[in-house]
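Have your viewer open and your selection tool ready. We will move from one residue to its helix, and then on to some rings.

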Amino acid sequence: MADEPSIEPEPDREPEPEPDPGARRGPEPGARRGPEPGAGARRGAGSGQTGPVAGPESYRWPLAALVAVILPQVLVPAKMREGPPVAVPVIEGVVVLILLAVAAKPGPVPRAARPLVLALVAILIAANTGAAAHLVALVLRSTPPGETPPTVTQLLVTAVTLLATNVVTFGLLYWQIDGGGPDARREGPRRYPDFQFPQTGTEGLAAADWQPRFPDHLYVAFTNVVAFSPTDTLPLTHRVKGLMAVQSMISLGVLAVVLSRVINILPS
């Protein structure tokens, strides 16, 4: 009988461990994953906001600032100032009353009133620019015989009044046009704002929903007058660059002409 082939026994295999039901498994195909760590820590680097501001911005402080720069034009005695013409404070007072009537209505200022507000602010700037031109022409012309030339006090008081009005009126204009105005900024950030503030370009300087308000734009107007250029806030659009150039030219003309005349008057 032929020999049968011997069958070798298979080696023993260790049993495979059963999967732990509590073990962490990877995401299933098509599963929705949560945000990555740190995502959302910085949103809207160009605008600095992620949502609307809590409430509408009041017109109380802009109107108070306007009144504060208009009153000296009337209350300071004429012997201590040289101008402005009587028509300038009258026009400015009428504009303030109209703005007060617009802002006094309950609720936020309606969007339809924005063209009127911009037109009124433009009238304020035009009136103050006319007063500045009048002062420059007065300083540059020769004093007619029989007239007393303006004194140092009159020149300095008038120049300070004009420059203060320049700061407030242009600050009000920047506040109204930046990002579509205060009401538009409250609804959410614009993709292309008119100004880039430090809080909107650097993480951690302000809250995530920070929005520029009237004091911020007033400070931009002030630094533009004293430095003749932007400082910490950058103009981004052509319209605000042009407006800042006009504001600097007005202040430069007043300062250069008045200070040169004052230096000539002062005793050596």
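Start by selecting Thr169 together with Leu66, Val121, Leu124 and Ile125: these are its contacts (heavy atoms within 4.5 Å) once neighbours within four places in sequence are set aside. A word on what you are viewing: this is a predicted model, where local features need pLDDT of at least 70, side-chain atom pairs count only at pLDDT 80 or more, and totals for chains, interfaces and linings use all residues. Residues are numbered from 1 along each chain as its sequence is written, and side-chain values use heavy atoms, leaving out hydrogens and water.

Stay on Thr169. Its relative accessibility is 1%, so Thr169 counts as buried (under 20% relative accessible area, 1.4 Å probe, protein chains only). Now show the backbone oxygens: the side chain of Thr169 reaches that of Thr165 at 2.7 Å, and a polar atom of the same side chain lies 3.2 Å from that of Asn166.

Next, colour helix α4, residues 152-177, where Thr169 sits (helices are DSSP runs of H or I, at least four residues, numbered from the N terminus). Add helix α8, residues 238-265: the axes of α4 and α8 are 10 Å apart, at an angle of about 175°. The two helices are therefore roughly antiparallel (over 145 degrees between N-to-C directions).

Finally, pick Trp175 and Phe214, an edge-to-face aromatic pair with 5.7 Å centre to centre and 75° between the planes (centres within 6.5 Å, planes over 60 degrees apart, using the six-membered ring of Trp). Trp175 lies in α4 and Phe214 in helix α7, residues 214-227, so the pair ties together parts 39 residues apart in sequence. Both rings' residues, Trp175 and Phe214, are buried.

Definitions and conventions: Buried < 20%, exposed > 50% of the residue type's maximum accessible area, 1.4 Å probe, protein only. Polar contact = N/O pair within 3.5 Å; in protein donor to acceptor, adjacent residues only side chain to side chain. Axes fitted to C-alpha atoms, helices over the stretch in contact; angles between N-to-C directions. Parallel < 35°, antiparallel > 145°, perpendicular 65-115°, else oblique. Phe/Tyr/Trp six-rings, centres within 6.5 Å; stacked < 30°, edge-to-face > 60°.
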